[in-house]
Amino acid sequence: MDKKKQMAFNLNNFLLSMSAILDFKEFDLEGTPLNHFKRVSYIALNLGAKFNLEPKMMADLCSLALIYNLEKNELEKIPFLNTKEFLEDSLIKEIIDFSSKLDKMFKLSDNQENRVKAIEFVKENKENFSNELINNFLEVSSQISFWLDLQYENEILMYIYGSLHDFTTVLDFEEILNLTTIFHKLENKNSIIIERASKVADEFNFEHKDKQIFLIASSLQNIGKMMIPNSILNKKEKLSSSEFEIIKSYPYHTKRVLGAIMGFADILSLATKVQERLDGSGYIYGLEAKSLSLKDRLLSCLVIYNALREDRVYRNAFKHSEAIKIMKNEAEIGKIDKSIVEIFENIFE
């Protein structure tokens with residue numbers, strides 16, 4: 001592995017972390033109990049074991065179960081271990097559809113009594129599922145531990161990691177960026193912050209690895225916003241003080257998601273400090289200038305500039321000159337780096 005160009009990467013570890021944001025959106029939009037995607041993966045892996053799926057197929061089954069609701073064109077960009085034909089495998093599709101339907105219909109995290117209803121449903125709807133799937137489900141679901149595990153996230157995670165072979169592989173940084181961009185676009189499909197981050201990195205002559213880490217951090221710095229209710233994120237009226245506190249929590253949620261991903265320490269460090277300010281007035285840590293590196297300052301300024309240049313539900317995008325003026329005012333009162341604002345004025349005009 002060329003550490004200047006590549007990183008050791010485990011897809012299931014990454015997707016288990018990222019599934020938290022998909023879970024929250026599913027809960028926020030549809031009321032589906034949290035950890036839905038982990039439960040789907042747990043059920044699917046139990047069934048996959050009964051079908052005697054080979055280890056690589058089990059790993060991909062887990063990955064797909066964690067993100068099955070993404071659009072097909074996005075799923076095709078995921079670096080599964082098997083070929084793209086995997087996404088068309090009728091058995092894999094049936095297992096995941098079955099697992100998802102069961103969890104959504106019977107809220108399997110909520111009530112042990114629902115297991116009886118779930119089993120009865122499967123028995124009464126045999127025409128909708130293959131006989132082998134039904135028989136395998138009835139076998140795994142005969143164990144009380146199967147149902148108890150579904151109520152506890154830690155037990156689900158222990159089962160998932162205990163069921164899978166370690167398929168950690170080596171990916172180029174560019175491949176990882178392609179993957180993280182999928183999730184970045186879920187928060188804002190029209191965002192061009194990655195393109196702007198590339199200009200910043202080139203302006204400062206970042207080496208290849210530093211540039212790629214900066215770009216990946218740029219793509220993930222807003223991931224915590226996926227765990228803020230849409231009713232607050234898209235509110236046109238002025239936020240209440242309590243709502244503003246909820247908005248301010250998003251870097252913390254970014255920290256929670258990225259902190260569980262192996263090899264992402266440098267990315268985590270950058271992505272979670274985008275709302276810190278030189279005078280210590282920022283959040284979530286209240287760091288001061290001495291604790292903020294050049295890259296920290298660059299990314300926080302980039303996030304400000306990018307936000308000002310984008311439309312919001314409560315205002316239209318500012319022009320370049322207007323955004324720079326606002327940032328210069330922030331620099332004058334000691335919140336952001338004045339020299340960086342001056343560079344942004346030239347490279348983004």
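User: What covers the buried residues of helix 5?

Analyst: The cover includes helix 2 (36-50), helix 3 (55-66), helix 6 (114-124) and helix 7 (131-140). The residues being covered are I92, I95, I96, F98, S99, S100, L102, D103 and F106. As for the terms, helices (H or I, at least four residues) and strands (E, at least two) are DSSP runs numbered from the N terminus. This is a predicted model, where local features need pLDDT of at least 70 and side-chain atom pairs count only at pLDDT 80 or more, while totals for chains, interfaces and linings use all residues. Residues are numbered from 1 along each chain as its sequence is written, and side-chain values use heavy atoms, with hydrogens and water left out.

User: Why is S99 called buried?

Analyst: Buried means under 20% relative accessible area, exposed means over 50%, and partly exposed is in between (1.4 Å probe, protein chains only). S99, which sits in helix 5, has 0% relative accessibility and therefore counts as buried. Beyond its neighbours within four places in sequence, S99 is in contact (heavy atoms within 4.5 Å) with V40, I43, A44 and L47.

User: How do you know that the reach of helix 5 is close to what is expected?

Analyst: The expected span is 1.5 Å times one less than the number of residues. Helix 5 (residues 90-106) has 17 residues, and its first and last C-alpha atoms are 24 Å apart, close to the expected 24 Å.

User: What makes the start of helix 5 a place with a polar contact?

Analyst: A polar contact is a pair of N or O atoms within 3.5 Å; within protein, one must be able to donate a hydrogen and the other to accept it, and residues adjacent in sequence count only if both atoms are side-chain atoms. Here a side-chain oxygen of D89 comes to within 2.9 Å of the backbone nitrogen of L91, so the pair meets the distance limit.

User: And what makes K107 stand out?

Analyst: Its phi is near 40°, a positive value in a residue other than glycine. K107 follows just after helix 5, in the loop between helix 5 and helix 6. N35 also has a positive phi, about 70°, without being a glycine; it lies in the loop between helix 1 and helix 2. The peptide bond from Y283 to I284 is cis, with omega near 25°. Most residues other than glycine have a negative phi, and most peptide bonds are trans.

User: Is K107 buried, exposed or partly exposed, and why?

Analyst: K107 has 34% relative accessibility, so it counts as partly exposed.

User: Why is H184 called buried, and what does it touch?

Analyst: With a relative accessible area of 1%, H184 falls under the limit and so is buried. This residue of helix 10 is in contact with S191, I193, I194, S218, S219, N222 and I223, leaving aside neighbours within four places in sequence. A polar atom of the H184 side chain is 3.1 Å from the backbone oxygen of S219, and a polar contact of 3.2 Å joins the side chains of H184 and N222.

User: What makes a space in this model a pocket?

Analyst: On a 1 Å grid over the protein atoms alone, a pocket is an open set of points with protein on both sides within 12 Å along at least five of seven lines, whereas a cavity is a set where a 1.4 Å probe fits but cannot get out; lining residues have an atom within 4 Å of a point. Grid points are joined across faces, edges and corners, and the volume is the space filled by probe spheres set on the points. The largest pocket has a volume of about 1500 Å³. It is lined by 45 residues, with K225, L233, A307, R312 and Y314 nearest its centre. Helix 17 gives the most to this lining, five residues.

User: How many residues of each kind line the largest pocket?

Analyst: Ala, Val, Leu, Ile, Met, Phe, Trp, Tyr, Cys and Pro count as nonpolar, Asp, Glu, Lys and Arg as charged, and the others, Gly among them, as polar. The lining of the largest pocket divides into 19 nonpolar, twelve polar and 14 charged residues.
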